[in-house]
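Hi everyone, thanks for coming. Please bring the structure up on your screens, and I'll walk you through it.

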Amino acid sequence: MTGAVSPDRRRFLTAGAAALGAAASAQLWLPGSARAAETPLSDGVFSLGVASGDPLPDGVVLWTRLAPDPLNGGGMPDRAVPVEWQLAEDARFRRVVRRGTSQARPEYGHSVHVDVRGLRADREYWYRFRVGGQLSRTGRTRTAPRRFDAGGRLRVALASCQNWQHGWFTPYADMLEQDPDVVVFVGDYIYESTPSSTGVRRHEGTGEPYSLTQYRNRYAQYRSDPDLAAMHANAPFVVTFDDHEVDNDFAGDIPQDPAKQPHDAFVARLTAAYQAYYEHMPVRATAVPNGPHIRMYRRLDFGRLARLNVLDTRQYRSDQATSQAGAQDPKLTMLGAEQKRWLLDGLHDSPARWNLIASQIMMAETDLKVGEGKLWFYDAWDGYQAERNAFMREFKRVSNPVVLTGDRHLTMISDLKEDYADPDSAVVGAEFVGTSISSNGDQDQAAFRAEWDPRRADNPHWKLLDAHRGYHLFDIRRDGIDAQVRVVDTVRAPRAAASTLARLRVDAGRPGVRLA
């Protein structure tokens with residue numbers, strides 16, 4: 001995570017070394033301890049690819065899921081299958097440093113989560129899986145810097161909101177070229193919406209997913225996008241979910257439409273959705289669901305350069321307000337008492353230069369009403385203002401807080417203010433609301449400007465507003481964060497041209513963000 005990209009590393013990206021590793025290294029694989037499968041497995045068990053996630057200084061999670069028939073429940077036999085894995089210091093696996101066997105169990109959709117430890121800090125590694133004579137593609141990952149490393153550079157990509165029906169996931173092709181050290185994905189990995197005949201691509205199935213098999217099929221479809229699969233195979237992801245992984249705008253165990261989804265039925269849906277989420281994400285065993293509950297808020301340190309606090313703004317929140325008075329009710333909570341204490345403790349005790357917060361929904365105010373008065377999105381932090389405002393006051397005592405957000409399908413980059421009712425109040429941090437990977441499709445830019453530009457006078461903390469599809473890219477150093485808004489010209493086709501829409505800067509010790 002420090003220094004320039006080496007020629008060998010760039011060659012790996014541009015020459016397709018993942019395919020090379022799978023094809024040329026089969027002869028180099030040393031037999032492991034796994035015994036042969038009882039009966040031959042169908043071809044294509046690694047159809048969903050490979051991934052890694054949650055890097056530590058000495059470890060990382062390696063992921064795959066066996067699914068020869070991915071859109072029909074997976075197509076695996078109802079028994080555990082031993083899967084061999086290797087991790088090496090080179091793409092040809094001449095220097096294998098860790099190997100083992102993991103059981104792909106039917107109760108977890110034959111997914112594999114290998115929590116590899118004992119690795120060297122701030123290092124690239126390559127990994128692969130084998131089962132029944134079939135070899136996965138090669139993945140590349142990277143560990144975090146050593147605990148006390150204070151310098152260097154960390155390159156982070158921020159992504160969210162990838163709706164299969166709204167377009168291809170073309171921003172990932174450019175993200176791959178930009179070669180981030182880690183990808184932070186802040187929600188809406190899948191969409192639970194019904195298939196549409198008017199979409200760019202059509203959702204599988206016949207309706208919304210409710211059962212475990214239906215959620216597995218939806219994830220499998222999303223995992224088949226080639227650009228998403230390539231990005232997963234080339235950098236570790238740090239993920240959290242928002243609402244569409246379950247049900248639009250749900251809050252805790254309350255669905256969007258309680259009259260249509262009785263409580264017991266929605267609890268069953270939560271249970272299925274959370275299990276399918278775990279099965280398809282490169283996360284540790286701490287995230288194994290307990291029925292309708294899953295532990296996703298967690299903290300990752302990248303030396304003393306950056307601390308990343310990953311939030312869960314869905315599972316513990318109060319039901320959404322329906323009025324301005326409700327949005328200011330001090331009893332409403334977004335995080336719940338335990339997660340709130342955890343976040344504040346992690347911020348105040350942090351040794352890091354930069355304190356990053358991955359929040360699924362926007363923290364800065366969005367006043368939708370032009371002129372006098374206020375109109376808010378109640379599903380965002382604007383609907384939980386007492387808790388949000390308390391955090392803004394706490395941010396004054398935190399080293400360089402920066403919030404990374406999704407949800408809006410827009411680029412909305414803002415100063416975080418101590419009191420949004422007072423335009424002259426102190427700036428306490430910065431927020432980058434990343435645009436969507438594909439959600440909202442190729443938006444009408446003129447219509448967007450006509451709708452949103454009149455609101456800018458009522459939101460002076462906004463620094464940049466845009467409606468192109470893409471992602472945000474951050475180069476984090478001790479003296480500052482250099483940010484790029486990377487956009488593509490279309491998501492209606494499998495290929496797109498990418499460019500930098502804007503460059504921004506956050507200076508250490510100077511709260512807020514500015515155009516560079």
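Searching the whole structure turns up 5 cavities of 30 Å³ or more. Please keep in mind that this is a predicted model. The largest cavity has a volume of about 50 Å³. Which residues line the largest cavity? They are W354, N400, P401, V402, G429, A430, V506, D507, R510, P511 and G512. If you prefer to find your way by elements, look for β15, β17 and β21, where β21 is residues 498-507: each of these strands supplies at least two residues of that lining.

Two of those strands also belong to a sheet, so let me turn to that sheet now. It is an open sheet of 7 strands, and the order is β12-β13-β14-β15-β17-β16-β18, with mixed pairing. What stands at the edges? Those places belong to β12, residues 298-302, and β18, residues 462-466. Each has a single partner strand, so one side of each is left without a neighbour in the sheet. From one strand to the next, the twist averages 20°.

Let's look at one pairing here. β16 and β18 pair in the antiparallel sense, over 4 bridges. If you want a spot to zoom in on, M412 stands opposite L465 in β18. Helix α10, residues 445-452, packs on the sheet and touches β16 and β18. The direction of α10 makes about 145° with that of β18.

Another helix to find is α9, which lies across β14, β15, β16 and β17 and runs at about 70° to β16. How many of the 11 residues of α9 are buried? The count is 8, so this helix, residues 385-395, is largely enclosed by the rest of the structure. The buried ones are Q385, E387, R388, N389, A390, F391, M392 and F395. They pack against α7, α8, β14, β15, β16 and β17.

Next, the nonpolar cores. The largest one has 41 residues, and Y172, M175, M231, V239, V246, Y277 and M296 touch the most other members. Elements giving two or more residues to this core include α3, α4, α5 and β19. Which element gives the most? That is α6, with 8 residues.

Let's stay with M296 for a moment. Not counting residues up to four places away in sequence, M296 touches V239, T240, F241, Y277, V283, A287 and V310. Apart from the largest core lies another core, of 37 residues, among them L311, A327, Y378 and M412. You have met M412 already, as the residue opposite L465.

Now a single residue, D243, which sits in the loop between β11 and α6. Is D243 buried or exposed? With a relative accessible area of 2%, D243 is buried. Leaving out residues up to four places away in sequence, D243 touches D188, N248, D249, F250 and R314.

One last stop, at another strand pair. Strand β5, residues 111-116, is mostly covered, with 5 of its 6 residues buried. Its pairing with β2, residues 60-65, is antiparallel and spans 6 bridges. To find the pair on screen, look for R65, which stands opposite S111 in β5.

That's my tour. Thanks for listening!

Methods. Residues numbered from 1 in each chain as written. Predicted model: local features only at pLDDT ≥ 70, side-chain atom pairs only at ≥ 80, totals over all residues. Heavy atoms only, no water. Buried < 20%, exposed > 50% of the residue type's maximum accessible area, 1.4 Å probe, protein only. Contact = heavy atoms within 4.5 Å. Core = buried A, V, L, I, M, F, W, Y, C linked by side-chain atoms within 4.5 Å. Pairing = 2+ DSSP bridges. Axes fitted to C-alpha atoms, helices over the stretch in contact; angles between N-to-C directions. 1 Å grid on protein atoms, 1.4 Å probe; cavity = no way out; pocket = protein on both sides within 12 Å on 5 of 7 lines; lining within 4 Å. Points joined across faces, edges and corners; volume = space filled by probe spheres on them.
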